[in-house]
Amino acid sequence: MADNRRKYREKYGEWALVTGASAGIGLEFARALAREGMSIVLTARREDRLNALAAELKEKHHVDTRVVAVDLAANDGADRLADAVADLPIAFLVNNAGFGYAGRFDKLATDRLRSMVVVNCVVPVVLTSRIIPGMVKRGRGAVIVVGSVAGRQPLPLHAVYSATKGFDLLFGEGLWGELRGTGVDALVIEPGPTKTEFQSVAGESVGADHGEPAENVVRVALDALGKQPSVISGWFNWVRANATRLVPRSTAAIIAKKVIEGQTPVELR
């Protein structure tokens, strides 16, 4: 048990940084890495939830934690976070923070669309750019980008969200190719529908119990880390993502719209 607990700490280093750690996939990444003996920087907007999680991880796993409450949608959010951890040798970065926004493009608020692009795309680039040079210099580390199967296809009524996740996929897979031989592992984890707050934040009409458990997504990611550039969580999600290769992209978009319409409020269709 002791050897297993030290696996990630010995391979990558002491400190992990998890964005969007207050709920869902980010929370489960924090728990999983703490079980492996890593100290965790927890960041999100909701400081009360982060403090509660920090107390849980200290009590259960006897690891150090640091809470950094920050709004990553702010123009300087990613840099403020990087500055707040500049004194730590971050060895494991989980770019998890992100959100969706469902509805027909012309009916959606410009400011919220802009924030989604910032959080889903700009923040992972800036954070990784600030943190990864230290990993390369030390010759070890890991970067995980939380993408989505939505990034594999056009997704009407989630057009900007799917575009941001397509960006994340290509960014993370490109990093994987660049970093080979440096000792730094990179991976994109692509979940499908997951039991998180995503649906309610995105304005969808389906409940939070729709999808696979977040801990399953984390387990798939950690099992694949260091072995491949990206991985889809769940066999059905894999089939659905790859089925789009068998039909014209126009057909894939039409089919996707029919599916998304069923979980989008009528006034936003």
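Here is a short chat about the sheet and helices of this predicted model.

Visitor: In which order do the seven strands of the open sheet lie?
Guide: Happy to walk you along it! Strands of a sheet pair through backbone hydrogen bonds, either parallel or antiparallel. Here the pairing is parallel, and neighbouring strands are turned by 15° against each other on average, direction ignored. The seven strands follow the order 3-2-1-4-5-6-7.

Visitor: Which are the edge strands?
Guide: Look for strands that pair on one side only. The order 3-2-1-4-5-6-7 has strand 3 at one end and strand 7 at the other. The edge strands are strand 3 (65-69) and strand 7 (230-232).

Visitor: Which residue in strand 7 does I189 stand opposite?
Guide: Strand 6 covers residues 184-190 and runs parallel to strand 7, with three bridges joining them. Opposite I189 you will find, in strand 7, V231.

Visitor: At about what angle does helix 3 run to strand 1?
Guide: Helix 3 (residues 24-35) lies across strand 1 (15-19), strand 2 (39-44), strand 4 (90-95) and strand 5 (141-146). Its angle to strand 1 is about 170°.

Visitor: Are helix 6 and helix 7 roughly parallel or roughly antiparallel to each other?
Guide: The axes of helix 6 (residues 110-138) and helix 7 (residues 159-179) come within 9 Å and cross at roughly 10°. Angles under 35 degrees count as roughly parallel. The two helices are therefore roughly parallel.

Visitor: How many nonpolar residues does the contact of helix 6 with helix 7 have?
Guide: Helix 6 contributes residues including L113, M116 and I132, while helix 7 brings F167, F171 and L175 among others. Besides three polar and two charged residues, the nonpolar ones number 14.

Methods. Residues are numbered from 1 along each chain as its sequence is written. This is a predicted model: local features need pLDDT of at least 70, side-chain atom pairs count only at pLDDT 80 or more; totals for chains, interfaces and linings use all residues. Side-chain values use heavy atoms; hydrogens and water are left out. Two strands pair if DSSP finds at least two bridges between them. Helices (H or I, at least four residues) and strands (E, at least two) are DSSP runs, numbered from the N terminus. Axes are lines fitted to C-alpha atoms, for helices over the stretch in contact, and angles run from 0 to 180 degrees between N-to-C directions. Contact means heavy atoms within 4.5 Å. Angles under 35 degrees count as roughly parallel, over 145 as roughly antiparallel, 65 to 115 as roughly perpendicular and the rest as oblique. Ala, Val, Leu, Ile, Met, Phe, Trp, Tyr, Cys and Pro count as nonpolar, Asp, Glu, Lys and Arg as charged, and the others, Gly among them, as polar.
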